[in-house]
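Here is a quick tour of a two-chain model, going from the contact between the chains to some local details. Have the structure open while you read.

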2 protein chains.
Amino acid sequence: MKPPIDFYFDFSSPYGYLLSEKIDALAAQYGRKVRWHPILLGIIFKATGSAPLTLQNAAKASYSLHDFSRSARFMGLPYRHPDNFPLPTQNAARAYYWLHGQDCALARQFAHAAYRALFVDNIDISAPEAVLEIAAKIGVDRRNLETALQSPEIKERLKDEVDNALKIGVFGSPHVIIDGEAFFGADRLPQIEHWLKSGGF
Amino acid sequence: MKPPIDFYFDFSSPYGYLLSEKIDALAAQYGRKVRWHPILLGIIFKATGSAPLTLQNAAKASYSLHDFSRSARFMGLPYRHPDNFPLPTQNAARAYYWLHGQDCALARQFAHAAYRALFVDNIDISAPEAVLEIAAKIGVDRRNLETALQSPEIKERLKDEVDNALKIGVFGSPHVIIDGEAFFGADRLPQIEHWLKSGGF
């Protein structure tokens, strides 16, 4: 069994959403599993002195908004830029980690549902209520999750994941690590595939 | 005859170098010419509040240095990161525009020679002497070029190109425009090809 791939992303990252729709199937073709790690770009950007693409300068913002949709079309995926963007995603990330402790497959299903709610259906996923609603639709007990979102263990788990991401050099989303090799951006998908196929290049 | 493609780049841009080795042949496959526009990222970054990839933060710098070489290998191109980087490239850009006024093909030959000197042979191309040396090797009269590098017309031409690039939304290098559609980064090559093939998507 080959070691799993690590996939770091923020639920508010458009390119993270694009890669989330491709990474598991691609990895599976090469006998790999993927470990998903939702993180918080707000903390990463504060620590590294960076900012979201749409808040850096007018030219880059305008280009990025255009490129999110075009890249989605190029990858055969639906995309609708959210009205509320960027947005805080700690509730979605905490829900993911709590669900993962109960049922890995359900956590993955939740992650896809949260990403699609935001980037396809224009649903603001920042508030706990929105996250509970998304989770309830896939069969998660609303009250248990509501309690979990406030639990110190889950808050600590997310904090640890973000701290660890910073420690290993994650500076944006999506950030994929295969056998110690880092790939930043959904546009590194062809290189990721080549790496998986050839074992390095 | 389809309208030409515009290719904006700085001679100190690693991804600009990578794209410069591919863009003409790709465009030719689809019956297109490419207009090359060397610009100065120093001015672009100052105007947009940005900075070179290797000077933004430690994690991004380390990743970028690794990715320059890996992306070159992925594209089948030689790459040796220059000891002096980033570096000013106004002399190379001015030489390009002056040569272009004399002989388009020679200007293109010079651009490839300057890029390869910097990113393959680790030659610091910032000083006028380095640019004169590169040009002399491809048959350019050294004294004529030396005079041209100081001429107000050529300085003005470069300034106009940078001003225009800013005006049309160029925020980095490489930046390609096809029929009004902008593509930023060497990693947009697959989208550029798809756009040329399908006339938009």
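How many residues of chain B are in contact with chain A? The model is a predicted one, and in it 21 residues of chain B touch 21 residues of chain A.

## Where the chains meet

On the chain B side, the elements that put in two or more residues are α4 (58–74), β4 (181–184) and α10 (189–198). The largest share belongs to α4(B), with seven residues.

As for chemistry, the chain B side is a mix: eight nonpolar residues, nine polar and four charged.

## Helix α4 of chain A

Now over to the other chain. Helix α4(A) covers residues 58–74, so to speak a run of 17 residues, and it spans 24 Å from first C-alpha to last, close to the 24 Å expected at 1.5 Å a residue. Just after α4(A) comes Gly76(A), with a positive phi near 75 degrees.

Which residues of α4(A) are buried? They are Ala59(A), Lys60(A), Tyr63(A), Ser64(A), Asp67(A), Phe68(A), Arg70(A), Ser71(A) and Ala72(A). The cover over these buried residues comes from both chains: it includes α1 (14–20) of chain A, along with α3 (41–48), β4 and α10 of chain B.

## Strands of chain A

Strand β3(A), residues 175–178, pairs with two strands that we can take in turn. With β1(A), residues 5–9, it runs antiparallel and is joined by three bridges. With β4(A), residues 181–184, the pairing is again antiparallel, this time over four bridges.

Val176(A) is a handy residue to click on here. Phe7(A) stands opposite Val176(A), and in β4(A) the bridge partner of Val176(A) is Phe183(A). The hairpin of β3(A) and β4(A) has two residues between its strands, and Asp179(A) in that hairpin takes a positive phi near 50 degrees.

## A helix crossing in chain B

Back in chain B, look at α5(B), residues 90–102, and α9(B), residues 152–167. Their axes come within 9 Å and cross at roughly 105 degrees. Angles of 65 to 115 degrees count as roughly perpendicular, so that is how α5(B) sits relative to α9(B).

Who makes the contact? From α5(B) it is Gln90(B), Ala93(B), Arg94(B), Tyr97(B) and Trp98(B), and from α9(B) it is Ile154(B), Lys155(B), Arg157(B) and Leu158(B). Sorted by class, that gives five nonpolar residues, one polar and three charged.

Definitions and conventions. Residues numbered from 1 in each chain as written. Chains lettered and ligands numbered in written order. Predicted model: local features only at pLDDT ≥ 70, side-chain atom pairs only at ≥ 80, totals over all residues. Axes fitted to C-alpha atoms, helices over the stretch in contact; angles between N-to-C directions. Parallel < 35°, antiparallel > 145°, perpendicular 65-115°, else oblique. Contact = placed C-beta atoms within 7 Å. Nonpolar A, V, L, I, M, F, W, Y, C, P; charged D, E, K, R; others polar. Expected span 1.5 Å × (residues − 1). Buried ≥ 20, exposed ≤ 12 C-beta atoms within 10 Å, placed from the backbone. Pairing = 2+ DSSP bridges.
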